[in-house]
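Q: Please give a close account of one part of this model, the packing of its nonpolar interior. I should like each term explained where it is used.

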Amino acid sequence: MERIALVLGTSGGVGGETARALLGKGWRVRGLVRQLRPGLDPRIDWREGDARVLGDVLDAAEGVAALVHAVNPPGYLEWDKRVLPMLENSIEAARANDARLALPGTIYNYDPAQTPVAHPDSHQAPGTRKGGIRKAMEARIEASGVRGLILRAGDYYGPRPGNSWLSQGMITPGKPVTRVTNPGRKGVGHAWAYLPDVGEAFARLLDREAELPRFARFHFAGHWDPDGSAFPAAIAEAGGRKAKQVRLPWALLPLVALFNPTIRELLEMRPFWNYPVRLDNRELVAFLGEEPHTPLAESLRISLKALGSLE
């Protein structure tokens with residue numbers, strides 16, 4: 001029987017990679033865009049519409065077995081006002097089709113000062129506005145009664161990243177890597193997630209729908225940098241030249257944030273650079289047999305090449 005998935009956020013990092021992974025496993029994938037345009041992946045069945053409009057989501061989701069909610073308001077504008085209503089549209093579409101609703105989760109649900117190792121059922125006590133909304137999103141899916149799937153991961157990076165620390169804060173895309181900016185505090189570990197691996201994990205989980213509980217939560221460990229220096233060093237090495245490493249000037253960001261909503265969102269996440277939060281993936285490994293894992297050096301070479309920063 002043909003399996004159909006609607007992916008909201010196909011132009012973003014998680015949504016795009018999950019769509020590609022599902023296509024590779026024989027799924028028929030639909031994507032929702034506000035305006036059809038040249039250059040869209042011809043393998044995807046594109047539908048014109050807006051994820052903020054319930055009717056558009058319901059039309060695009062007709063007959064689907066899975067709905068991947070990986071969409072965010074453009075440029076984080078009015079994030080706190082738009083995110084939950086958009087999720088409600090996806091919940092209604094999943095309910096109408098008895099579809100599995102998959103949501104990319106984050107570490108922001110946790111208090112980083114109190115949760116050095118996070119398990120899928122660890123206590124959630126977010127200390128940020130964004131973390132509070134993330135917690136509410138997961139709770140809303142669980143309370144709705146639809147079949148849900150949450151896959152939490154650390155900071156994303158990859159060849160098509162959307163918003164990411166690597167492409168927006170650590171290097172300059174389009175230029176050789178001569179300088180790597182490190183947002184972390186010395187000695188503090190940090191979790192990184194390579195987007196194609198995350199997309200592959202979502203696709204493998206959705207492939208095994210019959211074995212999933214009605215509401216499933218998993219953690220994706222990704223690449224763990226034990227002291228905050230290994231990942232920046234690997235970027236410099238992958239870049240093929242000796243790159244200078246510098247610390248991010250956090251004290252200057254509040255001034256930039258006055259004019260840049262993306263910087264405002266990133267600034268709120270500073271506690272996750274001051275304290276380590278490592279994701280325990282034992283339940284994911286037990287279910288899948290392994291976590292999809294591209295070696296760090298290879299993943300960075302692929303990412304830097306796609307970003308135009310590999311000579």
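A: A polar contact is a pair of N or O atoms within 3.5 Å; within protein, one must be able to donate a hydrogen and the other to accept it, and residues adjacent in sequence count only through two side-chain atoms. The model is predicted, so local features need pLDDT of at least 70 and side-chain atom pairs pLDDT 80 or more, while totals for chains, interfaces and linings use all residues. Residues are numbered from 1 along each chain as its sequence is written, and side-chain values use heavy atoms, without hydrogens or water.

Strand 7 is a suitable starting point. R152 belongs to this strand (a DSSP run of E, at least two residues; helices are runs of H or I, at least four, and both are numbered from the N terminus). R152 is buried (under 20% relative accessible area, with a 1.4 Å probe and protein chains only), because its value is 1%. The side chain of R152 makes a polar contact of 2.6 Å with that of E138.

The largest nonpolar core (buried Ala, Val, Leu, Ile, Met, Phe, Trp, Tyr and Cys residues joined through side-chain atoms within 4.5 Å) holds 36 residues. In general, nonpolar side chains tend to be buried together in soluble globular proteins. Within this core, L151, L205 and F218 touch the most other members. Strand 7 (148-152) gives two or more residues to the core, as do strand 1 (4-8), helix 1, strand 2, strand 4 (66-69), helix 6 (195-207), strand 11 (215-219) and helix 11 (282-288). The greatest contribution, seven residues, comes from helix 6.

L151 shows the packing in detail. Leaving aside residues up to four places away in sequence, L151 touches (heavy atoms within 4.5 Å) L103, P104, G105, V198, A201, F202, L205, F218, H219, F220 and L284. A separate core of 27 residues lies apart from the largest one, and its members include W79, L101, L103 and I150.

Some of these elements also border open space. The largest pocket (an open set of points on a 1 Å grid, with protein on both sides within 12 Å along at least five of seven lines) is lined by 48 residues, each with an atom within 4 Å of a point. G12, A70, V71, N72 and N163 lie nearest its centre. Elements giving two or more residues to this lining include helix 1 (13-24), strand 2 (28-33) and strand 5 (100-105). Helix 1 also gives the most to the lining of the second largest pocket, with three residues.

How values were computed: On a 1 Å grid over the protein atoms alone, a cavity is a set of points where a 1.4 Å probe fits but cannot get out, and a pocket is an open set with protein on both sides within 12 Å along at least five of seven lines; lining residues have an atom within 4 Å of a point. Buried means under 20% relative accessible area, exposed over 50%, partly exposed in between (1.4 Å probe, protein chains only).
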